[in-house]
Amino acid sequence: MPSFWIFFWISIFLCLAGWGGLVYLVLETLPYLGPRWLFFFFLMLAFTGPALPVVYFLNRRFPTEPPADGGVVLREAMWVGVYACALAWLQLGRVLNPGLVVVLAAGLLLVEFLLRLRERTVWSPKPAQEPAPSEDEEEDEFADD
């Protein structure tokens with residue numbers, strides 16, 4: 001697993017870009033089509049950023065086989081951003097309710113579980129290693145000469 005500091009600096013960048021962009025959009029723009037899509041983009045960044053260190057910690061605390069690499073940590077943190085964007089989208093349409101919040105979370109957790117299960121079950125052969133010759137075998141090889 002990569003170093004924590006890599007994820008920390010990525011997290012700082014995503015937080016600054018996401019929350020800064022959201023503040024700018026809310027204070028300086030009108031909700032037309034372009035700024036509305038930018039809202040979802042910045043919302044994704046704003047929620048993915050703080051989730052990165054949390055997801056990294058959870059993957060370090062509860063290791064799996066195969067171990068989670070940087071792509072898995074980033075994907076799991078991005079699920080948090082996708083979840084926040086989906087909730088905001090549903091709230092704009094006035095269809096969000098507590099049951100839908102739980103069902104959406106359960107669905108995203110199920111998708112991640114199945115992706116991790118697929119990673120675990122993919123068979124890859126280990127490279128064949130020749131056994132190291134013992135000292136007796138090495139002496140026998142030279143004894144014939």
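## Asn59 and its surroundings

The side chains of Asn59 and Glu76 are joined by a polar contact of 2.8 Å. The model in which this pair occurs is a predicted one. Asn59 belongs to helix H2, which spans residues 33–61.

Asn59 has a relative accessible area of 11%. Residues count as buried when this value is under 20%, and Asn59 is therefore buried. Beyond residues up to four places away in sequence, Asn59 touches Met1, Ala68, Val73 and Glu76.

## The nonpolar core

The largest nonpolar core contains 18 residues, among which Leu52 and Val73 touch the most other members. Helices H1, H2 and H3 each contribute at least two residues to this core. The greatest contribution comes from H2, which supplies 10 residues. In soluble globular proteins, nonpolar side chains tend to be buried together.

The contacts of Val73 can be listed individually. When neighbours within four places in sequence are set aside, Val73 is in contact with Met1, Phe7, Leu52, Val55, Tyr56 and Asn59. One of these partners, Leu52, is also named with Val73 as touching the most other core members. Another partner, Phe7, is among the buried residues of H1.

## Helix H1

Helix H1 comprises 25 residues, from 4 to 28. The distance from its first C-alpha to its last is 35 Å, close to the 36 Å expected at 1.5 Å a residue. At the N-terminal end, H1 is capped by Ser3, which places a side-chain oxygen 3.2 Å from the backbone nitrogen of Trp5.

The buried residues of H1 are Phe7, Ser11, Leu14, Cys15, Gly18, Gly21, Leu22 and Leu25. Packing of these buried residues is against helix H2 (33–61) and helix H3 (70–92).

## The largest pocket

The volume of the largest pocket is about 420 Å³. Its lining consists of 16 residues, of which Val55, Glu76, Trp79, Leu109 and Glu112 are the closest to the pocket centre. Two or more lining residues come from each of H2, H3 and helix H4 (98–121). H4 gives the most to this lining, with 7 residues.

Two of the residues closest to the pocket centre, Val55 and Glu76, also appear in the contacts described above. Val55 is in contact with Val73, while the side chain of Glu76 forms the polar contact with Asn59.

How values were computed
Residues are numbered from 1 along each chain as its sequence is written. This is a predicted model: local features need pLDDT of at least 70, side-chain atom pairs count only at pLDDT 80 or more; totals for chains, interfaces and linings use all residues. Side-chain values use heavy atoms; hydrogens and water are left out. The expected span of a helix is 1.5 Å times one less than its number of residues. Buried means under 20% relative accessible area, exposed over 50%, partly exposed in between (1.4 Å probe, protein chains only). Contact means heavy atoms within 4.5 Å. A polar contact is a pair of N or O atoms within 3.5 Å; within protein, one must be able to donate a hydrogen and the other to accept it, and residues adjacent in sequence count only if both atoms are side-chain atoms. A nonpolar core is a set of buried Ala, Val, Leu, Ile, Met, Phe, Trp, Tyr and Cys residues joined through side-chain atoms within 4.5 Å. On a 1 Å grid over the protein atoms alone, a cavity is a set of points where a 1.4 Å probe fits but cannot get out, and a pocket is an open set with protein on both sides within 12 Å along at least five of seven lines; lining residues have an atom within 4 Å of a point. Grid points are joined across faces, edges and corners, and a volume is the space filled by probe spheres set on the points.
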